[in-house]
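I opened the notebook with a plain aim, to look up how the strands are arranged, what packs on them, and which backbone angles stand out. The entries below follow that order.

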Amino acid sequence: MTLQIISQIDESTKSTGFITTYKPIAGWKAVQYWWNPKKGGFWEPWQTRDWAFNTKEQAELDAKIWANAEDIPYYPGKETV
């Protein structure tokens, strides 16, 4: 597998979802989003990693490893969608 890094969320991303990072209270985490078609459709967090990191860079590395292992695109864009 090869890590796929995407620069934008578009129609093709809806079929795979994507992995990115965000910062909840606990610290930086990797999160997987999926397209929920209900109520007109919206991006919804599907699952997160169990642990948080002190820095965004650490969470980004974890997100890239996860995305590569699951063959899901990694989106380095905004902290939240």
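Entry 1, the sheet. I began with the strands of this predicted model, and I found an open sheet of three strands in the order 1-2-3, with antiparallel pairing. Strand 1 (18-22) and strand 3 (42-48) are the edge strands, since each pairs on one side only. I also looked up the twist, and neighbouring strands of this sheet are turned by 45 degrees against each other on average, direction ignored.

Entry 2, strands 2 and 3. I then asked how many bridges join strand 2 (residues 29-36) to strand 3. There are six, and the two strands run antiparallel. Within this pairing I noted one position by name, Trp34, which stands opposite Glu44 in strand 3.

Entry 3, the helix. Helix 1 (residues 56-70) lies across strand 1, strand 2 and strand 3, and runs at about 165 degrees to strand 1. I checked its length as well: helix 1 has 15 residues and reaches 21 Å from its first C-alpha to its last, close to the 21 Å expected at 1.5 Å a residue.

Entry 4, the two sides of the helix. Which residues of helix 1 are buried? I listed Ala59, Glu60, Asp62, Ala63, Trp66 and Ala67. These residues cover an arc of only 165 degrees around the axis, and therefore they sit on the same side of helix 1. I followed them to their partners and found that the buried residues of helix 1 pack against strand 1, strand 2 and strand 3. On the other side of helix 1, Glu57, Leu61 and Ala69 are exposed.

Entry 5, backbone angles. I kept in mind that most residues other than glycine have a negative phi. Lys39, in the loop between strand 2 and strand 3, has a phi near 50 degrees, a positive value in a residue other than glycine. Lys39 counts as exposed because its relative accessibility is 85%, and the cut-off for exposed is over 50%. Just after helix 1, Asp71 also takes a positive phi, of about 60 degrees. Asp71 has 51% relative accessibility, so it counts as exposed.

Entry 6, a tryptophan in a loop. Is Trp28, in the loop between strand 1 and strand 2, buried or exposed? Trp28 counts as buried because its relative accessibility is 9%, where buried means under 20%. Finally I looked up its separation from Phe42: Trp28 and Phe42 are 14 residues apart in sequence and 23 Å apart in space, C-alpha to C-alpha.

Definitions and conventions
Residues are numbered from 1 along each chain as its sequence is written. This is a predicted model: local features need pLDDT of at least 70, side-chain atom pairs count only at pLDDT 80 or more; totals for chains, interfaces and linings use all residues. Side-chain values use heavy atoms; hydrogens and water are left out. Two strands pair if DSSP finds at least two bridges between them. Helices (H or I, at least four residues) and strands (E, at least two) are DSSP runs, numbered from the N terminus. Axes are lines fitted to C-alpha atoms, for helices over the stretch in contact, and angles run from 0 to 180 degrees between N-to-C directions. Contact means heavy atoms within 4.5 Å. Buried means under 20% relative accessible area, exposed over 50%, partly exposed in between (1.4 Å probe, protein chains only). The expected span of a helix is 1.5 Å times one less than its number of residues. The arc is that of the directions from the helix axis to the C-beta atoms.
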